[in-house]
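Got the viewer open? Here is a short tour, one selection at a time.

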Amino acid sequence: MRLPVSTKIILLFTLISLVTATVLTLFSDYSSQQAFLDWNQDHLDSIVLLKEQEINILFEKQAEIFQMIAENEEMRIAELFPYFGQEEEEQFLKEKTVVNALSSYTQSNFGFFELFLLDVETGKILLSTNESEVGKYRADKEFYRKGLEGLFISQFYYSFPLQNTAISFSIPIHDLQQQTIGVLVGRVDLQEIFEVMNEPAGLGQTGETYLVNVYNYLIASSKKETGNTVLITQPVYTEASKSCLQGKSGSGVYQNFEGKTVVGVYHWIPERNVCILAEMNEQEVLATVLYQRWMAFVIGGSIAFLMILLGFYFSAKLTKPLEILSKGAEIIGKGNLKHTIAITSQDEFGELSREFNTMAGNLAASRKQIEKDLEKKQLTEKSLRSFQVELEDRVEKRTEELSKANEKLEELDKMKDNFLNIVTHELRNPLVPIKLQLELLIDGDFGKLSKKQLDSLRMILRNEERLDTLTADMLDMTRMKTGKFKLFPTSVSLTSLVKNAVDEFTVLAALRSITLTADTQQLPMISADQIRITQVLSNLLTNAIKFTSEQGTIQIKAFEEKDNCVVQVTDSGLGISKENIEKLFEAFYQIETRVQRKTEGTGLGLAICKGIIEAHGGKIWAESEGEGKGSTFSFTLPKKMIIL
Amino acid sequence: MKRILHVDNEPDTLASVKTILEKEGYDVTSVSTGMEAVKEIQADGYDLVLLDIMMPDLSGWDVFTRVMKVSPKYKIVFLSVLDVTSERLAELKKHGLTGYITKPFDRDVFVKKVVDLVNLKK
């Protein structure tokens, strides 16, 4: 990323401070929240235990009082009278005494608001502090049945006359013979329990402790609004209450019966068959945590802010010399080598700027040197350039001369071509009328001639024909040398060509008493120029006849050898010396024969044969054992011709 | 009598050919330039034209192509010292050439060829 150093430093400081602050805040937040929740639950737990204990103490105290009442003198008086048939007045008095005694208990601060005595057999209310109740039967009540057996404390229940939660105590009354003669029942209002429950100490603003009975009803609450009267009409179905009513104790964060999220502790009181709960609004609990969180945020933020400020400060302090250096470098870079960088501090920046200035000085010096060198180089280049120009001139002149020479050569070449034209055309043209006129004369068109005249004319004609052959051969020769020699190949039977040639020359050979024999295999068809191959065969046979004396033999063979067809012409003639064999196929070469014979030829024949055979991709050569021992001329033609 | 036009810039050749062909019973007209040949051909009808190729003013090729353009039925035979290949000859015949005789030639061979070509129907 292309960013200035200052920005990088600031970003780095910002990053470090933000990360640190965030980590610290989150860590302290999490740990404090956990710790606080734990502490809070412990706190609620202790409140619950305390209240439970108080409630139990209250009940024990109440039970003691109740037992004391039951064992009282008056009760024993009361025992007697339904069974001993005293006088009505006396009975009334006794009853009065008992009722008065009971009333004195209800009126005094013993916690009982109603006390009454049940008949042991029928459960009928015999005596009561509430006179309107006397005569009613309570045999169906739990406090009657359980009360016959011993001290019984009822569940919390709702008392309609009281319009409040109440508890009944019941206990059997015995006579002096320890016979059960009745059941004493005392109803207790829960004022003291309410007081215990109402005690809000340690519960904060939203804290609440309350009791829930086995029927899932709220019994007593510390809340003013639930008060001491509403109660028992409020159903409680919460996770905590359900769990608690199964006899369990515990704690947790859950929704209470008002739908608020609370931190709560619950405890089952087995003796009373109630559940005691203490709850605090989660928000209140967490308010402290939130406060701590806020504090951590403020402190972290402040630290981060300070760090960023420091970042700005340091980046400014660090990058200022860098800026000066960079500007200086830019100025020097633009060519002003006299520029100096004014950082005098005794640190690395000062050192760097001093070295920078030294470097600029060195640069200036070396630039001067370079400029000098450049001047020298330019001078050298100038002289080099002039030398080059001179050279180019020379080359141009030479080229001109050469092209002139070339033109001359071309002219000469043209002249040669013209010359050949003259040789072929101009030389051959006069031969036409010469030949025709000679023939007219010999044919007797212009009158009958003597034998000597005819011989003379025939000699002229023969030499005219030599000239004709010579011009034709020269034409072929020049074509071969200039590469204008062309073949016109067709599919050819070499066997037929040889046979035709032999047929043609048989008469000529016979005239000289030479035996001409042919030994030809059936050769495959090959691609070749028929006219030219015939020309070669004629040439070889002509030569053979020419250089073979009378009674001699000429044999012609044609056979296959590997990829080639071979034709051999062997004669019993003069033979050829070794030195001559090599020159045999050169143009215009003719063997000086010992015996000067009437040899006719241009000296081009074998050279042309060589050209023709080689143009077919074949070879031609001569062999001889020596002079007087005959000679063999051979040529090959490839079965698959490659035109060169 | 069959009429033959012979064009050649060599007077001796013209004279020799005329002698030989007249002995065979032909009416031979000899001209020595290409222009004359063209004029002659335009003016008169010939049974055969023997045409030299290499001539100073108008070459045999030129004469041949001009004549073939106007009257392709004309029988023209080249007489030349230049060799001709069978391929080239076939091509020329496609363009209307009747024959080709290489100079120099034997009298008998020449006469036989001329007789054949004069009687040839084109």
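Before the first stop, a word on terms: a pocket here is an open set of grid points where a 1.4 Å probe fits, with protein on both sides within 12 Å along at least five of seven lines. Keep in mind that this is a predicted model.

**Stop 1: the second largest pocket.** The second largest pocket holds about 340 Å³ of space. To find it, select A:K141, A:F143, A:Y157, A:S168 and A:R187, the closest to its centre among the 15 residues of the lining. Now show the cartoon: helix 4 (142–147) and strand 4 (157–159) of chain A are the elements that give two or more residues to this lining. Strand 4 of chain A provides the largest share, three residues. Colour the lining by residue class and you should get seven nonpolar, four polar and four charged residues.

**Stop 2: A:R145.** Stay on helix 4 of chain A and pick A:R145, which lies in that helix. Is A:R145 buried, exposed or partly exposed? Its relative accessible area is 46%, so A:R145 counts as partly exposed, a label for values between 20% and 50%. Leaving aside residues up to four places away in sequence, A:R145 touches A:A139 and A:D140. Then draw a C-alpha to C-alpha distance from A:R145 to A:I171: they are 26 residues apart in sequence and 10.0 Å apart in space.

**Stop 3: three strands further along chain A.** Select residues 515–520 and 553–561 of chain A, which are strand 13 and strand 15. These two run parallel, paired over six bridges. For a landmark, A:L516 stands opposite A:I554 in strand 15. Next add strand 16, residues 564–571 of chain A, which pairs with strand 15 in the antiparallel sense over eight bridges. Here A:E561 stands opposite A:N564 of strand 16. Zoom in on the hairpin that strands 15 and 16 of chain A form: two residues sit between the strands, and A:K562 takes a positive phi near 55 degrees.

**Stop 4: chain B.** Hide chain A and look at chain B, with its five helices and five strands. What pattern does chain B follow along the sequence? Trace it and you read β-α-β-α-β-α-β-α-β-α. Of the 122 residues in chain B, 48% are buried. Switch on contacts between residues at least 6 apart in sequence, and 61% of those in chain B join residues at least 24 apart. Finish with a surface: chain B exposes about 5900 Å², of which carbon and sulfur atoms supply 53%.

Terms used:
Residues numbered from 1 in each chain as written. Chains lettered and ligands numbered in written order. Predicted model: local features only at pLDDT ≥ 70, side-chain atom pairs only at ≥ 80, totals over all residues. Heavy atoms only, no water. 1 Å grid on protein atoms, 1.4 Å probe; cavity = no way out; pocket = protein on both sides within 12 Å on 5 of 7 lines; lining within 4 Å. Points joined across faces, edges and corners; volume = space filled by probe spheres on them. Helix = DSSP H or I, 4+ residues; strand = E, 2+ residues; numbered from the N terminus. Nonpolar A, V, L, I, M, F, W, Y, C, P; charged D, E, K, R; others polar. Pairing = 2+ DSSP bridges. Buried < 20%, exposed > 50% of the residue type's maximum accessible area, 1.4 Å probe, protein only. Contact = heavy atoms within 4.5 Å. Areas by Shrake-Rupley, 256 points an atom, 1.4 Å probe, with all protein chains shown as cover.
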